[in-house]
Amino acid sequence: MASIRAAARLRPMANRLPQKSTVRSHRLYATATATKSASTSANEQPYFPLEPSGPIIKTTIPGPKSKKAIADLDKVFDTRSLNMLADFQKSYGNYIADPDGNVLLDVYAQIASIPVGYNNPHLLEAATSKQMASALINRPALGNFPSHDWASILRTGILKVAPKGLDQVFTAMAGSDANETAYKAAFMYRRQQERGGAKVEFSEEEIASSMLNQSPGAPNLSILSFKSGFHGRLFGSLSTTRSKAIHKLDIPAFDWPQATFPQLKYPLEEHVAENKKAEEAALADVERLITTHHLPPAAVVIEPIQSEGGDNHASPAFFRGLRALTKKHNVLMIVDEVQTGVGATGKFWAHEHWNLETPPDMVTFSKKAQTAGYYFGNPELRPNKPYRQFNTWMGDPARAILFRAIIEEIERLDLVSHTAKMGDYLYSSIESLAKKYPGEFMNLRGKGQGTFIAFDSPRRDEFLKKAKSVGVNIGGSGQMAVRLRPMLIFQKHHADILLEAMEKIVKT
């Protein structure tokens, strides 16, 4: 009933979209595919009634118009990492369009960053509000000149969905920025403790040596990360990124430790003893590094699911063990929820699956939130003096307003619970495909983790390329993984289209 009521509310909102040409193109898609997606299931009402009933393929991808536009773009912008050229004005819901009239089911979603669909009517409404217009044209330097309503914007949006036990936020620009500022907070907290508290002043030696990049002002501390982890491409975050060499080559890096991340074997139920042993060994490696590394870690940073590194999972017991180690050795725990956060795993925050006794010290976020930052609860993680954690923008109120609208959509349509259910359906269906086509869908993982699902393909790059030819935009990670990152408004009829396409790919 919730889905039916939601769809009924969406219809009049869609008719009020400010971009009339966009709405017209959506109707053309529906006509071109003969029937709207509402007819795909008698029991399922679409969140986006004007979506096409399926992909539309008119040309190879890229087609002639895209090739021409890409060549033009390449004159002024590096296009070597280009996946496909998009026409976002004609993209809608779960579907991404290109200049040649191709419309693909998008289960990659801008690298897991689109939460509630392209051209979502509620987001468009928020984008055209007076509050948004003011935030865009009068962008404030938040540390110095926050707007009069900034506290309200935070409380009704970002902080409304704060992880349990974390009631403050430092806003940032992107995931890498969120992690770097969290690292800074960890270092300042550690040194504040060693110094004797927030009220103890810096020594003259500390002040002078910091300007020379030397100890004690620039202390010999580190952030411990994990092999195959990814935390960003800025200087500090890059030193904790261990997924691919291409990210790190030629860039000076800190001599920071990396611990072993447990490499689980699948299916999990067939390798219980081996996986438990692997996780115990990984935790032992963490404790060894915390206690013996020549640059003592001020914090451990970890992803709930290693995403860019190949969709690597660990059990809740492993993460509870890691939290126990950080508490034991007075090391902060930073959970990087940049890719896993905002509902994709069937919980709003993936670390909710762990049932920790005490919350992480900091949780970083970005991507689906469309804004960025880190949550924290301990007031001592706020630096003891102004300007220590500072930059001109310190985030973006316009993006915070957009996240608030995203949260409203998620709550209105109960999309976190919906994603958990969709994940169960999608996982079991791919499991059936794996049995039908041995060796094609290997190491299927993500059971009980919403739609945050992945598998290994023996011909991964070919698989991704063929997917476009059958109307699906899908992504990879690590060396062999095909990762699914559909939007939260991904429904059963979309899953059936995806499953049919995946079977068609392996059959050819």
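Is methionine 394 buried or exposed? Hold that thought for point 5, and keep in mind as you read that this is a predicted model.

1. **Two domains.** Start with the overall layout. The protein splits into domain 1, made of 2–122 + 414–490, and domain 2, which covers 130–411. Taken over C-alpha atoms, their centres are 29 Å apart. Notice that domain 1 is written as two stretches of the chain, so follow the numbering with care when you colour it in.

2. **Where the domains meet.** Now look at the interface. On the domain 1 side, 31 residues make contact with 28 residues of domain 2. About 2500 Å² is buried between the two domains, and carbon and sulfur atoms supply 54% of that area. In domain 1, His122, Val416 and Phe452 lose the most area to domain 2, together 24% of what that side buries. There are also two salt bridges between domain 1 and domain 2. Elsewhere on your list of pairs to find, put arginine 485 and aspartate 311: their side chains form a salt bridge, with 2.5 Å from N to O.

3. **A small sheet with a helix on it.** Next, find the open sheet of three strands, ordered β1-β2-β12 with mixed pairing. β1 (95–97) and β12 (472–473) are the edge strands; each has a single partner, so one side of each has no neighbour in the sheet. Strand β2 (residues 103–106) runs parallel to β12, and two bridges link the pair. One residue to click on is aspartate 106, whose bridge partner in β12 is asparagine 473. Helix α17 (residues 492–507) packs on this sheet and touches β1, β2 and β12, with its direction at about 105 degrees to that of β2.

4. **Alanine 372 and its company.** This residue sits in strand β9 (residues 372–376). Its relative accessibility is 0%, so alanine 372 counts as buried. Leaving out residues up to four places away in sequence, alanine 372 touches a list of residues including Phe170, Thr171, Ala172, Met173, Phe365 and Ser366. Threonine 171 is a nice example of how a chain folds back: alanine 372 is 201 residues from threonine 171 in sequence, yet their C-alpha atoms are 5.9 Å apart. For contrast, try asparagine 138 and glutamate 204, which are 66 residues apart in sequence but 40 Å apart in space, C-alpha to C-alpha. Asparagine 138 lies in the loop between α6 (130–137) and α7 (150–156), and at 48% relative accessibility it counts as partly exposed.

5. **Positive phi values.** Most residues other than glycine have a negative phi, and most peptide bonds are trans. Methionine 394 has a positive phi, near 50 degrees. Methionine 394 belongs to the loop between β9 and α14 (397–413). Back to the opening question: methionine 394 is buried, because its relative accessible area is 13% and the cut-off for buried is under 20%. Asparagine 443 is not a glycine either, and its phi is positive at about 50 degrees. Asparagine 443 is part of strand β10 (residues 442–445), and its 35% relative accessibility makes it partly exposed.

6. **Two cis peptide bonds to check.** The bond joining isoleucine 61 and proline 62 is cis, with omega about 5 degrees. Proline 62 is in the loop between α2 (20–32) and α3 (64–74). Another cis bond runs from tyrosine 266 to proline 267, where omega is near -5 degrees. Proline 267 is in a loop as well, between β5 (258–259) and α12 (272–292).

How values were computed:
Residues numbered from 1 in each chain as written. Predicted model: local features only at pLDDT ≥ 70, side-chain atom pairs only at ≥ 80, totals over all residues. Heavy atoms only, no water. Helix = DSSP H or I, 4+ residues; strand = E, 2+ residues; numbered from the N terminus. Buried < 20%, exposed > 50% of the residue type's maximum accessible area, 1.4 Å probe, protein only. Contact = heavy atoms within 4.5 Å. Pairing = 2+ DSSP bridges. Axes fitted to C-alpha atoms, helices over the stretch in contact; angles between N-to-C directions. Domains from an automatic or database assignment. Buried area = accessible area lost by both parts, 1.4 Å probe. Salt bridge = Lys/Arg side-chain N within 4 Å of Asp/Glu carboxyl O.
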